[in-house]
Amino acid sequence: MTTAKMVETTIPTLTTERLVLRPLDNADVPGFVEIWSDPEFTRYIGGRCDPDSVWHAMAGNIGCWALTGVGPWAVVERSTGSLVGRAGLWTEPGWPGVEAVWFIRRDRWGRGYAREAATAAIGWVFAQRPDLAEVVSVILPENTASVRVAERLGMTPQRLEFLHGEDHAIYTINRTDWAAVLPAQAVQNAH
Ligand SMILES: CC(C)(COP(=O)(O)OP(=O)(O)OC[C@H]1O[C@@H](n2cnc3c(N)ncnc32)[C@H](O)[C@@H]1OP(=O)(O)O)[C@@H](O)C(=O)NCCC(=O)NCCS
């Protein structure tokens with residue numbers, strides 16, 4: 001008999017002031033299909049997705065956890081219980097490192113949700129992985145909202161890398177700098 005080797009992963013649930021980051025669930029499919037059907041939302045992330053692509057992306061997200069021990073969470077708004085996005089971590093072969101990722105539905109933009117979710121995710125992965133020197137973010141330079149999220153997290157642009165057929169800006173923050181900006185994030189998130 002052969003056995004498959006996978007990272008032993010329990011996907012945790014993280015709670016922030018206004019959000020819950022919890023494992024993706026099959027019941028989230030319609031919510032993600034709705035979010036990803038907004039052309040303004042998908043403008044810098046490959047354009048609108050059909051339901052089949054959304055499901056496969058979700059399967060890839062769960063697979064990322066199983067294969068690497070990190071991955072994205074479903075983001076739920078605590079005050080309403082609504083699914084408002086997906087955020088957390090991502091890595092894949094050839095990627096510049098462990099990436100912090102953020103996707104928030106359009107009617108919740110501008111409330112600091114991306115920053116709040118990313119703060120929890122980055123703090124979690126630095127605590128879980130003592131060997132991890134830095135967290136990266138991979139952003140199309142013209143995606144100014146995402147660039148601003150990275151900047152507000154204390155990340156700085158390092159270089160351009162050609163990934164998935166396009167030049168992306170690579171933002172990073174190292175463990176030492178994160179420890180310095182974390183108290184400031186906590187204060188911002190409290191507002
Ligand atoms: C990028 C995205 C996640 C930002 O979500 P958000 O919850 O609105 O971000 P926040 O409210 O945490 O904003 C963080 C900072 O970015 C700024 N910001 C947000 N949207 C902005 C925009 N369109 N233009 C300029 N700055 C913007 C905010 O003002 C805030 O800065 P401030 O604290 O100085 O005011 C959201 O626009 C999104 O989901 N876009 C589509 C998916 C996507 O492109 N994801 C990123 C892929 S790399």
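These entries record what I looked up in a predicted model with a bound ligand.

**Entry 1: ligand shell.** I listed the residues around the ligand and found 21. The closest are W109, A114, R115, A145 and R148. I then sorted the shell by class: twelve residues are nonpolar, five are polar and four are charged.

**Entry 2: elements behind the shell.** I asked which elements each supply at least two residues of the shell. They are β5 (99-104), α3 (113-128) and α4 (144-152). The greatest contribution is that of α4, with six residues.

**Entry 3: helix α3.** I checked the length of α3, which has 16 residues. From its first C-alpha to its last it reaches 23 Å, close to the 22 Å expected at 1.5 Å a residue. I next looked up burial along α3: Y113, A114, R115, E116, A117, A118, T119, A120, A121, I122 and F126 are buried. Two of these buried residues, A114 and R115, are also listed among the closest to the ligand.

**Entry 4: strand β4 and its partners.** I examined strand β4 (residues 83-90) and found eight of its eight residues buried. I then traced its pairing. With strand β3 (residues 72-77), β4 pairs in the antiparallel sense over five bridges, and P72 stands opposite G88 in β4. The hairpin of β3 and β4 has five residues between the strands, where G81 takes a positive phi near 75°.

**Entry 5: from β4 to β5.** I followed β4 to β5, with which it pairs in the antiparallel sense over six bridges. Here W90 stands opposite E99 in β5. I note that β5 is also one of the elements that supply at least two residues to the ligand shell.

Methods. Residues are numbered from 1 along each chain as its sequence is written. This is a predicted model: local features need pLDDT of at least 70, side-chain atom pairs count only at pLDDT 80 or more; totals for chains, interfaces and linings use all residues. A residue is near a molecule or strand if its C-beta atom, placed from the backbone, lies within 6 Å of it. Helices (H or I, at least four residues) and strands (E, at least two) are DSSP runs, numbered from the N terminus. Ala, Val, Leu, Ile, Met, Phe, Trp, Tyr, Cys and Pro count as nonpolar, Asp, Glu, Lys and Arg as charged, and the others, Gly among them, as polar. The expected span of a helix is 1.5 Å times one less than its number of residues. A residue is buried if 20 or more other C-beta atoms lie within 10 Å of its own, exposed if 12 or fewer, and partly exposed in between; C-beta atoms are placed from the backbone. Two strands pair if DSSP finds at least two bridges between them.
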